[in-house]
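Work through these exercises with the model open beside you. Try each task before you read its solution.

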Amino acid sequence: MNASDVINRIAEYFDKEELKYDYNEELMRFDYGFCIDNEIVQKADCLILVDSDGDDCQIVGYPNIKAKPETKKELESLLFGINCNMFRGMWQLCKDEVRYIRSLALEGDAVLTDEMLDIAVFSVPNIIAKYADSMIAVVMGYSTADDELKKLYEEEDTEDQSEEAEENSNQTEYDFDELESILLWVKGDKDEGDNRKV
């Protein structure tokens, strides 16, 4: 897409959604923000940076969390663990400030739809709200990266395991004697040479 088309499309979308924003023409950057339903991090600053060639956009969210020297390594471990478990986007430290980045590819004949912008714009504050508490806990030294990762992903693992257990319970189970009888019927009793013997 042409960069100017991308810019116009994003501006139309923000106006339609009645979202307040500032646009920096020199940087081709939209700045906006969200109030978050979260006790600790109540606001997220966001921006969309349009590529000069119109090939993609970078969507960045800042939860206003800064690393502390004494817990920085632990925070880095937490961000790495979260990134390993995420399908899209990436958490990183930039000058000791936590930020979340998503990419919106617009290569070729791509069309920037409302659905694409919905995901790009509204997913960022939702992701920030989900992980901000754990990050703050680690930064403040109240918790460890391992503990927070368990808290974040243990429930998902438990759900996966329960689904697997339910699936396995629907399969026919054989005890050893029954399985032995079936194998004897298939292979035959070597002693008597009767292939039908059970």
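**Exercise 1. Find what touches Asp55, and place Asp55 in the chain.**

Step 1. Leave out residues up to four places away in sequence; Asp55 then touches Met1, Leu104, Ala105, Leu106 and Glu107. Keep in mind that this is a predicted model.

Step 2. Locate the residue. Asp55 lies in the loop between β3 (43-50) and β4 (56-62).

Step 3. Check a distance. Asp55 and Ala3 are 52 residues apart in sequence, yet their C-alpha atoms are 7.8 Å apart in space.

Step 4. Is Asp55 buried or exposed? The relative accessible area of Asp55 is 30%. Buried needs under 20% and exposed needs over 50%. Asp55 therefore counts as partly exposed.

**Exercise 2. Describe the overall build of the protein chain.**

Step 1. Count the elements. The protein chain has five helices and six strands.

Step 2. Put them in order. Along the sequence the pattern reads α-β-β-β-β-α-β-β-α-α-α.

Step 3. Look at burial. The protein chain has 198 residues, and 35% of them count as buried.

Step 4. Look at sequence range. Take the contacts between residues at least 6 apart in sequence: 53% of these join residues at least 24 apart.

**Exercise 3. Describe how α2 packs against α3.**

Step 1. Know what to report. Two packed helices are described by the angle between their axes and the distance between the axes.

Step 2. Give both values. Helix α2 (residues 72-85) and helix α3 (residues 114-139) pack at about 155 degrees, and their axes are 9 Å apart.

Step 3. Name the arrangement. Angles over 145 degrees count as roughly antiparallel, so α2 is roughly antiparallel to α3.

Step 4. Give the handedness. The crossing of α2 with α3 is right-handed.

Step 5. List the residues that meet. From α2 come Glu74, Leu75, Leu78, Leu79 and Ile82; from α3 come Tyr131, Ser134, Met135, Val138 and Val139.

Step 6. Sort them by class. The contact of α2 with α3 has eight nonpolar residues, one polar and one charged.

**Exercise 4. Repeat the analysis for α1 and α3.**

Step 1. Give both values. Helix α1 (residues 3-16) packs with α3 at about 75 degrees, with axes 11 Å apart.

Step 2. Name the arrangement. The range from 65 to 115 degrees counts as roughly perpendicular, so that is how α1 stands to α3.

Step 3. List the residues that meet. Arg9, Ile10, Tyr13, Phe14 and Lys16 in α1 meet Asp114, Leu117, Asp118, Val121 and Phe122 in α3.

Step 4. Sort them by class. The contact of α1 with α3 has six nonpolar residues, no polar ones and four charged.

**Exercise 5. Examine the backbone at Met28 and Asp96.**

Step 1. Recall the usual sign. Most residues other than glycine have a negative phi.

Step 2. Read Met28. Phi of Met28 is near 55 degrees, a positive value. Met28 sits in the loop between β1 (22-24) and β2 (29-35). Met28 is buried, at 18% relative accessible area.

Step 3. Read Asp96. Phi of Asp96 is near 70 degrees, also positive. Asp96 sits in the loop between β5 (90-94) and β6 (97-105). Asp96 is partly exposed, at 34%.

**Exercise 6. Count the disulfides and classify Cys57 and Cys84.**

Step 1. Apply the cut-off. A disulfide needs two cysteine sulfur atoms within 2.5 Å. The count is zero disulfides.

Step 2. Classify each cysteine. Cys57 has a relative accessible area of 1% and is buried. Cys84 has 51% and is exposed.

Terms used
Residues numbered from 1 in each chain as written. Predicted model: local features only at pLDDT ≥ 70, side-chain atom pairs only at ≥ 80, totals over all residues. Heavy atoms only, no water. Buried < 20%, exposed > 50% of the residue type's maximum accessible area, 1.4 Å probe, protein only. Axes fitted to C-alpha atoms, helices over the stretch in contact; angles between N-to-C directions. Helix = DSSP H or I, 4+ residues; strand = E, 2+ residues; numbered from the N terminus. Parallel < 35°, antiparallel > 145°, perpendicular 65-115°, else oblique. Left-handed = near helix turned anticlockwise from the far one by under 90°. Contact = heavy atoms within 4.5 Å. Nonpolar A, V, L, I, M, F, W, Y, C, P; charged D, E, K, R; others polar.
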